[in-house]
Amino acid sequence: MDCSSDESSELSDTDVDDYAEKVYMDLKSGNLVARLGTDRFRCPFCPGKKKLDYCYNELLQHAIGVGASNRTAKVKANHQALANLLKTDHADVAGSLPPRQAKALFNPPKPVQDQELFVYPWMGILANVPAEQTVKGGATVMQQLDHFRPSRLDAVHCSNGYTGYVVVHFDKDWIGFKDALAFHNYYKSRHLGKMKWNEAARQGKYIFGWLAKEEDYSSDDPVGKFLSERGELKTVPELQLELSQKTETIITNLTNQISAKSKYLLELECKCNQMDLALQRAMEDTDSLHQRYNEEMRNMQSAAREHSRRIVQETDQLRKQLDEKEHDIKRRSKQLREIVAQTDMERRELENERKKNDVQNDSLHMARIEQKKANESVRILVEKHKKEKEAALKEILMLEKQLDEKQKLELDIEQLRGKLKVVKHMEGEGVDVKKLTEELTKKLDERMEAMEHLDQLNQALIIKERMTNDELQDAKKELKKGLGDLLNPNSNIGIKRMGELDEKPFLRACKERYGAEAETKALEFCSLWQDNLRDANWHPFKVVTTGETAKQIINEGDEKLVGLKEQLGEEVYKAVTVALLEINEYNASGSYVVSELWNNKENKKASIGEVVEHILKQWKVQKRKR
């Protein structure tokens, strides 16, 4: 059926009930379909409306509203039959509604005149209310009207004070309208309505009440002003139309929100794919760096082997040269012994030459022995340095490999967390979110366990690296002991005592201040400040931060340092601060003087490689001299 055709048909008001009964039978037999599914319905009499799919309570409100409107009798009869069908044959769906809402749907407000204007939001008026009943928000009156469920009430005042009227507010929905009608009918049935109030000349000992309508709204008394300030006039069809429009607006907004969320999910997926591509490129770059690093390590190892081969070759050549010289000396000695001197002078000369040759031969023999010892020491030192370097490189490679695996695991974990966030937004999109979430959570837990295993392995490697470093430090100590007699202060490589005070600045400062006692005072001050440097409780440093880097510098406001500068001057102050910085860098925990291999030419700490290179150079120089 079409609403427009129904409205053009004529049906008398006396035949409405019979026609509604006939339509009800058609609906019940299935000739007209109203129910689409378990909880979805349609109005078979309004096919031209935009909204074709209703919930139970929405369709029931629609049927009741149209059945009570000012439409033609046939349209009203059709919708009354539909409301009867919903309440009688589909009451099982109403079981899921809240009790108050279900009660309102099955007990709708009685139809009123369609063009009758009411004050909206729904308001009732109480007249002749004693002033004492309006105190404390009208608690007494609210208790009396509790079965009508008013939301609140306001006493009406004017310039002269309280007027005796109270305005009762009800909820804005149809349930509130039903409560307002019940309030109106209650007072009307007891002859305490508006008509009786007017007949009694607005006097009496009882409280009168009625529903606020157009007449009250338009009056010039305080009640009319109160109503016009807080409400407006509406008919029931107008309100029904507004509620329908609001419902359609809400549905449209929800549809737009769903579209926006779907678009947002698509954007998230695109970003996730971009992140995957970026991670893949990063992994490829990492593999490329590893390949280049391995190639460079192979080149360095090849160069080291070539260098060792040249050293061994040069040693063999020197050994051959020494053997040839020794053989030549022996040959000349033999020739001298075979020559018979003719005179005593010749014999003495020959004897002297022979002795010289013997001494030179002994010197060369001792030089060859010392050369062998030096060569053996250098060879052992080079081999030890090579082994230590190879072990350190292996540990570095292992740590870098573990670091790469850890970074890869961290990237996988972050990627899984990102996927979990995306999955949380996919609920309602046809995806088994719970199953997908469990799978991603399981993978995330596996990555976290692998991460913990890598951390444990990394700690073990760090401990091993520390042990290797300790062995390297022991080797450096032995190297310092062995080179102490060979190195001198004028050579490029030497041994420097880090944290030991230089006495010269103290002596110069004391000569300026103490005259004849300068040397004694200089020794006293030098000894005193050397003891201060050993004091672990004295730490005249402060931490400064540059960007993300933090470092310790001398605290120039330290009392001892300030006193030293005032007493002995800037040069002594600089000598003490230099010793402080050396101790803090090389032995901060012990606070005592330590020896370090030092590159005197570049004024920096010398590596083992630089020391070995210096010894080889010195050895070559001595070889040329011989």
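**Helix 14 and a four-stranded sheet**

Helix 14 covers residues 503-514, and at 1.5 Å a residue its 12 residues should span 16 Å; the end C-alpha atoms are 16 Å apart, so the two values agree. The model is predicted. Two parts of it are described here: helix 14 with its surroundings, and an open antiparallel sheet of 4 strands.

**Helix 14: faces and cover**

- Pro-505, Phe-506, Ala-509 and Cys-510 of helix 14 are buried.
- Viewed down the helix axis, the buried residues of helix 14 fall within an arc of 125°, so they line one face.
- Lys-504, Lys-511 and Glu-512 are exposed on the other side of helix 14.
- Among the elements that cover the buried residues are helix 15 (518-534), helix 16 (559-568) and helix 17 (570-586).

**Helix 14: ends**

- At the start of helix 14, the backbone nitrogen of Lys-504 has a side-chain oxygen of Asp-502 within 3.3 Å.
- Gly-515 follows helix 14 and has a positive phi, near 65°.

**The sheet**

- The strand order is 3-4-2-5, with antiparallel pairing.
- Strand 3 (152-158) and strand 5 (208-211) are the edge strands, each pairing on one side only.
- From one strand to the next, the twist averages 25°.
- Strand 2 (residues 123-127) pairs with strand 5 over 4 bridges, and Ile-125 has Trp-210 in strand 5 as its bridge partner.

**Helices on the sheet**

- Helix 7 (residues 174-189) lies across strand 2 and strand 5, at about 140° to strand 5.
- Helix 10 (residues 222-230) packs on the sheet and touches strand 2, strand 3 and strand 4 (161-169). The direction of helix 10 makes about 130° with that of strand 3.

Terms used: Residues are numbered from 1 along each chain as its sequence is written. This is a predicted model: local features need pLDDT of at least 70, side-chain atom pairs count only at pLDDT 80 or more; totals for chains, interfaces and linings use all residues. Side-chain values use heavy atoms; hydrogens and water are left out. Two strands pair if DSSP finds at least two bridges between them. Axes are lines fitted to C-alpha atoms, for helices over the stretch in contact, and angles run from 0 to 180 degrees between N-to-C directions. Contact means heavy atoms within 4.5 Å. The expected span of a helix is 1.5 Å times one less than its number of residues. Buried means under 20% relative accessible area, exposed over 50%, partly exposed in between (1.4 Å probe, protein chains only). The arc is that of the directions from the helix axis to the C-beta atoms. A polar contact is a pair of N or O atoms within 3.5 Å; within protein, one must be able to donate a hydrogen and the other to accept it, and residues adjacent in sequence count only if both atoms are side-chain atoms.
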